[in-house]
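Colleague: I have this model open on my screen and would love a close look at one strand and its surroundings. Could you walk me through it, and then show me how the rest fits around it?

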Amino acid sequence: MPLDTSTYSLALLRIDGRRWNDLRRLHAQIHTQDAADGSSYLEMGHTKVMCVVTGPAEPQAGQKKGTVGSAQATGQKEGASIVVNVVVAGFSSVDRKRRGRNDRRIQEMEITIQKALAANLHTHLFPHSTITVSLHVLSQDGSLLAALINATTLAVIDAGIPMTDYITACTAGSTSSYAAGDDAADPLLDLNTQEEQELPYLTVGTLGDSDKVAVLVCESRVQVSRLEGMLVVGVDGCKQVRRLLDGIVKQKGRKMIKEGAVRRSDMMAVSLDD
Amino acid sequence: MLDDESVAQDEDDEDEEQGDARDEILTPGTVITSNSQWMRGHGTYVPLNTSSITSSLAGTLTRTNKLLSVRPLRARYNPEIGDLVVGRIVEVQAKRWRVDVAAAQLAILQISAINLPGGILRKRTETDELQIRSFFAEGDLLVAEVQQLHQDGAASLHTRSLKYGKLRNGVFVAVAGTGGGAGVVRSKRQLWTMEAANGGGKIDVLLGVNGYIWISKHIESDAAAEAAGINRMEESVSSQIYSSQNNHIDVTTMREIARCRSVILALVENGVKVDEDTVTRGYNEAVEFGRESMEDDIYLGGERGQRLAAALAGR
């Protein structure tokens, strides 16, 4: 057993010293690459990913077929199609395992992100074009899918593609096993690798500040009665992540105004309601 | 260390926000107004079952009478009729070319929208269609104007003016992120000639609205053609305008063209917008920088670029 869960009930501190509802340090940058249409870099604890968005642009030759277009997903005809590629670096985890392009787990993550984006982006504004999202995993320490979704959101915002709202994600787990029958056990927020291996967990992504769930992935066996608690904690974590990402975008925007690259607002949004 | 910095910056920014709320940045999902007297423009949407105008981009608010729109911080080029663009031929088809203009879709240039050698009265024949590659082939660069926009947002170009056509004698620079950020902004003049330093002669700078830039040696237009007057000017169009052969360019001119390119890249790297004013002033600064050392370094990356941007900001 890599993680002795029994110690949790004594001090109520997790293996890395966090409380049950603490996020890890989230550090992110937006517009990291000059040549890209949109780019971002995101760290959630030791999970580090970067994202580059290209497009909306003319589809590359050979890309037209075989991609899951957004047409079916959004019910709109002829909208931009979305292509997601995830590359996991060989040095990203402890065991140096080579993962090919056809790795099932990676493919599932790609499809999850693609579906979430297709429902959220206003692709109908860009007919006959493709939006390509390239994600690179540099370091893995749990909550990988959540980090990928958050990095994608930032890069898409940087690319200036209209979207309904932020999609932010994080993971939630449950400390209690079925055998223990401990109903009062705390759900945990934002799991690291050790906790992910030990505990049942799910990844949840929500739309902006609302409670609307855009992504929900659960690969482990969880007792149904625990699910609600995990979901509540996860959704709450997503809101915390949204606030952090929103701060990063706004900080970047203010910096651009200060540099004179962007004009200021003509008027304040608040004054429009009168 | 990074964290401390960003925290300190946050506090700074909060102080400023109190100073001027117009520095506010709208982000996706921010409700702009729920008052029904306003109309929604670009960069906004109205969520289902509500009547509140909501932002769909990160950017700043613009108001045109009753129309509210969000100007994005950065976005890809969106063609508009009348834009001067620099493009690259990607595909040659039977009667038209497909041109990369950094937009969401490739632009279209019809063979009927170019000046054919031999004058305006010449009839377009099948021979022209058969030798379509002799005018523009794949990879050729050209300057054109957006003539019309199609239903799906694709642009049609035309080069029916002596100002437009194939580009030669220069260097291409692509700048990402138009419409905001460090990119080319629409201005009164996108094309100008400037006197190069160090005896480099004259150089033309052409800032395509789409963020594609062409810097070239200035070629004096043919005096005989000018004398012929506007009506006959197009008749004097010779096959020379579709030549892909460069004129002779002095090494000094090449250096000044390269310096101008470095200036534009340095402006972009340091988040300064690219227009006639910033490029000419930046170029003059760069010439001064070059005189500081013997080897006259035209590279303007890193610290030197920051110095250039600071000099421009300080005026």
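Modeller: Happy to; we will start with one strand of chain A, go on to its cysteine and the nonpolar cores, and finish in chain B. Please keep in mind that this is a predicted model.

Let's begin with strand S6 of chain A, which covers residues 167-174. This strand is mostly covered, with eight of its eight residues buried. In a regular strand, side chains alternate between the two faces of the sheet. That makes it handy to look at the two sides in turn. On one side of S6(A) you will find A:Ile167, A:Ala169, A:Thr171 and A:Gly173. On the other side are A:Thr168, A:Cys170, A:Ala172 and A:Ser174, and the residues of both faces are all buried.

Now for the partners of this strand. S6(A) pairs with strand S8 (residues 201-207) of chain A in the antiparallel sense, over seven bridges. If you want a place to start tracing that pairing, A:Ile167 has A:Leu207 as its bridge partner in S8(A). S6(A) also pairs with strand S7 (residues 187-189) of chain A, again antiparallel, through three bridges. There, A:Gly173 has A:Leu188 of S7(A) as its bridge partner.

One residue of S6(A) may catch a biochemist's eye, namely A:Cys170. Is its sulfur part of a disulfide? A disulfide is a covalent bond between the sulfur atoms of two cysteines. Searching the whole structure turns up zero disulfides over all chains. For A:Cys170, the nearest cysteine sulfur belongs to A:Cys238 and lies 4.1 Å away. The cut-off for a disulfide is 2.5 Å, so a pair at 4.1 Å does not count as one. A:Cys170 has 0% relative accessibility, so this residue counts as buried.

From here, let's turn to the nonpolar cores. The largest one holds 67 residues, and those touching the most other members are A:Leu42, A:Val53, A:Leu135 and A:Leu148. Helix H4 (residues 144-158) of chain A gives this core its largest share, 11 residues. Take A:Leu135 as an example: leaving aside residues up to four places away in sequence, its contacts include A:Met50, A:Val84, A:Ile113, A:Leu148 and A:Ala151. A second, separate core has 30 residues, among them B:Ile215, B:Cys260, B:Val272 and B:Phe289. B:Cys260 is buried, with a relative accessible area of 0%.

That brings us to chain B as a whole. Its secondary structure consists of seven helices and 16 strands, and 48% of its 315 residues count as buried. About 15800 Å² of chain B is exposed, with carbon and sulfur atoms supplying 49% of that area.

Finally, have a look at residues 26-64 of chain B, where an unreviewed UniProt entry places the feature "domain: Exosome complex component N-terminal". This stretch is 0% helix and 41% strand, and its end C-alpha atoms are 17 Å apart. Chain B also has an open sheet of three strands in the order S2-S6-S5, with mixed pairing. S2 (39-40) and S5 (59-64) of chain B stand at the edges with a single partner strand each, so one side of each has no neighbour in the sheet. S2(B) runs parallel to strand S6 (residues 67-72) of chain B, joined to this strand by two bridges. One contact to look up there is B:Met39, whose bridge partner in S6(B) is B:Leu67.

Technical notes:
Residues numbered from 1 in each chain as written. Chains lettered and ligands numbered in written order. Predicted model: local features only at pLDDT ≥ 70, side-chain atom pairs only at ≥ 80, totals over all residues. Heavy atoms only, no water. UniProt positions renumbered as here; feature names shortened; annotations may be inferred. Helix = DSSP H or I, 4+ residues; strand = E, 2+ residues; numbered from the N terminus. Pairing = 2+ DSSP bridges. Buried < 20%, exposed > 50% of the residue type's maximum accessible area, 1.4 Å probe, protein only. Core = buried A, V, L, I, M, F, W, Y, C linked by side-chain atoms within 4.5 Å. Contact = heavy atoms within 4.5 Å. Areas by Shrake-Rupley, 256 points an atom, 1.4 Å probe, with all protein chains shown as cover.
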